[in-house]
Amino acid sequence: MVVVDEVFKTIRSVPVLDGVSAEFPSGAVSVLTGPNGSGKTMLLRVIAGLVRPTSGSVEVDGRKLHRDAPFPESIGILLEGPAFIGSLSGRDNLRALADLREGVSDAQIDDLIARVGLAGFGRRRYRTYSLGMRQRLGIAAAVMGAPSLILLDEPTNALDDEGVVMAKGVMRAVCDAGATVIVATHDADVVQDVADVRWRMAQGRISHVTGEEGRRHE
Ligand SMILES: Nc1ncnc2c1ncn2[C@@H]1O[C@H](COP(=O)(O)OP(=O)(O)O)[C@@H](O)[C@H]1O
Ligand SMILES: [Mg+2]
């Protein structure tokens with residue numbers, strides 16, 4: 001579970017995050033919607049520990065970022081434009097990332113590659129991947145090793161219809177396994193099909209979307 005408490009982030013006197021307080025439960029997919037520039041990516045960066053808020057705090061599973069630990073202990077992230085090494089294959093990129101963690105086997109990497117629809121492409125160099133294939137590898141990297149916190153920024157960007165179905169299935173599966181999943185998206189299909197909880201951002205502020213619209217269950 002992630003608890004964001006009164007987070008402000010001011011960049012060159014512009015309030016990019018303007019008093020954001022929100023809770024993101026584990027075992028659920030929380031979706032962030034809102035117009036371009038409303039602060040979704042910045043909030044994900046703050047939750048990941050990549051950006052330090054000007055004030056306010058973020059707690060991940062009871063540990064305060066920057067006080068108890070610089071980063072969440074177990075995290076997978078897909079931010080805009082996943083960064084992989086072009087000269088390595090998709091599979092070797094995942095292997096290199098897996099080596100930074102523990103207990104991800106080659107067999108699990110191959111399963112993951114198949115799961116995101118890259119079977120047959122795993123051994124091709126990343127630089128030859130299409131945009132959609134890169135996004136698929138980014139999704140694989142974010143969920144690899146079953147992290148307890150998974151942050152996905154526009155995960156369905158550049159995906160074809162089948163890719164969107166895959167991404168929704170992956171989000172559902174990791175949250176059913178107990179992860180805290182936070183997704184920034186414009187994709188109405190994702191909001192409709194996988195959002196357990198909805199938050200809307202506008203001009204650096206956040207509000208809970210409640211009622212019929214906000215909940216997939218009930
Ligand atoms: N490094 C930065 N320096 C200055 N302004 C930034 C920086 N990163 C983001 N911003 C500004 O913060 C606001 C929120 O951006 P962002 O979180 O990327 O929005 P969203 O993801 O909702 O489209 C935008 O106005 C953007 O211009
Ligand atoms: Mg963004």
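The following paragraphs walk through the two sheets and the helices of this structure, which is a predicted model.

The sheet of 6 strands is a good place to start. It is open, and its strands come in the order β6-β7-β8-β3-β9-β10, with mixed pairing. Strands β6 (75–78) and β10 (205–209) stand at the edges with a single partner strand each, so one side of each has no neighbour in the sheet. From one strand to the next, the twist averages 15°. Within this sheet, strand β3 (residues 28–33) and strand β9 (residues 197–202) run parallel and are joined by 4 bridges. In that pair, Val-31 stands opposite Arg-198 of β9. Helix α4 (residues 131–143) packs on the sheet, where it touches β6 and β7 (149–153). The direction of α4 makes about 165° with that of β6.

Val-31 and Arg-198 also lead to a residue outside the strands. Both are touched by Val-191, as are Thr-33 and Thr-185, leaving aside residues up to four places away in sequence. Val-191 is found in helix α6 (residues 188–194). Is Val-191 buried or exposed? Val-191 has 20 other C-beta atoms within 10 Å of its own, and 20 or more is what the cut-off for a buried residue requires; Val-191 is therefore buried. By contrast with these contacts, Arg-101 lies 31 Å from Val-191, C-alpha to C-alpha, and the two are 90 residues apart in sequence.

The other sheet to consider has 4 strands. This sheet is also open, with the order β2-β1-β4-β5 and antiparallel pairing. Its edge strands are β2 (14–24) and β5 (63–64), and each of these pairs on one side only. Strand β1 (residues 2–11) runs antiparallel to β2, and 8 bridges join the two. Among the pairs across these strands, Val-4 stands opposite Ala-22 of β2, and Val-3 has Glu-23 of β2 as its bridge partner. In general, strands of a sheet pair through backbone hydrogen bonds, in either a parallel or an antiparallel way. The connection between β1 and β2 is a hairpin with 2 residues between the strands. Arg-12 lies in that turn and has a positive phi of about 45°.

The helices can be followed from α2 onward. In helix α2 (residues 90–100), the buried residues are Gly-90, Arg-91, Asn-93 and Leu-94. Viewed down the axis of α2, these residues fall within an arc of 160°, so they line one face of the helix. Asp-99 and Leu-100, on the other side of α2, are exposed. What do the buried residues of α2 pack against? Their neighbours are α3 (106–115) and α4.

The contact between α2 and α4 can be described residue by residue. On the α2 side are Gly-90, Asn-93, Leu-94 and Leu-97, and they meet Leu-137, Ala-140 and Ala-141 of α4. The axes of these two helices come within 10 Å and cross at roughly 25°. Angles under 35 degrees count as roughly parallel, and α2 and α4 are therefore roughly parallel to each other. The crossing of α2 past α4 is right-handed.

Helix α3 has its own buried residues, namely Ile-109, Leu-112 and Ile-113. They cover an arc of only 100° around the axis, which puts them on the same side of α3. The elements that cover them include α2 and α4. After α3 comes Gly-117, which has a positive phi near 80°.

Helix α4 has a further partner in helix α5 (residues 161–176). The two pack at an angle of about 5°, with their axes 11 Å apart. That angle makes α4 roughly parallel to α5. In this contact, Gly-132, Arg-136, Ile-139 and Val-143 of α4 meet Gly-163, Ala-167, Val-170 and Val-174 of α5.

Taken together, α4 links several of these descriptions: it packs on the sheet at β6 and β7, the buried residues of α2 pack against it, it helps cover the buried residues of α3, and it packs with α5.

Methods
Residues numbered from 1 in each chain as written. Chains lettered and ligands numbered in written order. Predicted model: local features only at pLDDT ≥ 70, side-chain atom pairs only at ≥ 80, totals over all residues. Pairing = 2+ DSSP bridges. Axes fitted to C-alpha atoms, helices over the stretch in contact; angles between N-to-C directions. Contact = placed C-beta atoms within 7 Å. Buried ≥ 20, exposed ≤ 12 C-beta atoms within 10 Å, placed from the backbone. Arc of directions from axis to C-beta. Parallel < 35°, antiparallel > 145°, perpendicular 65-115°, else oblique. Left-handed = near helix turned anticlockwise from the far one by under 90°.
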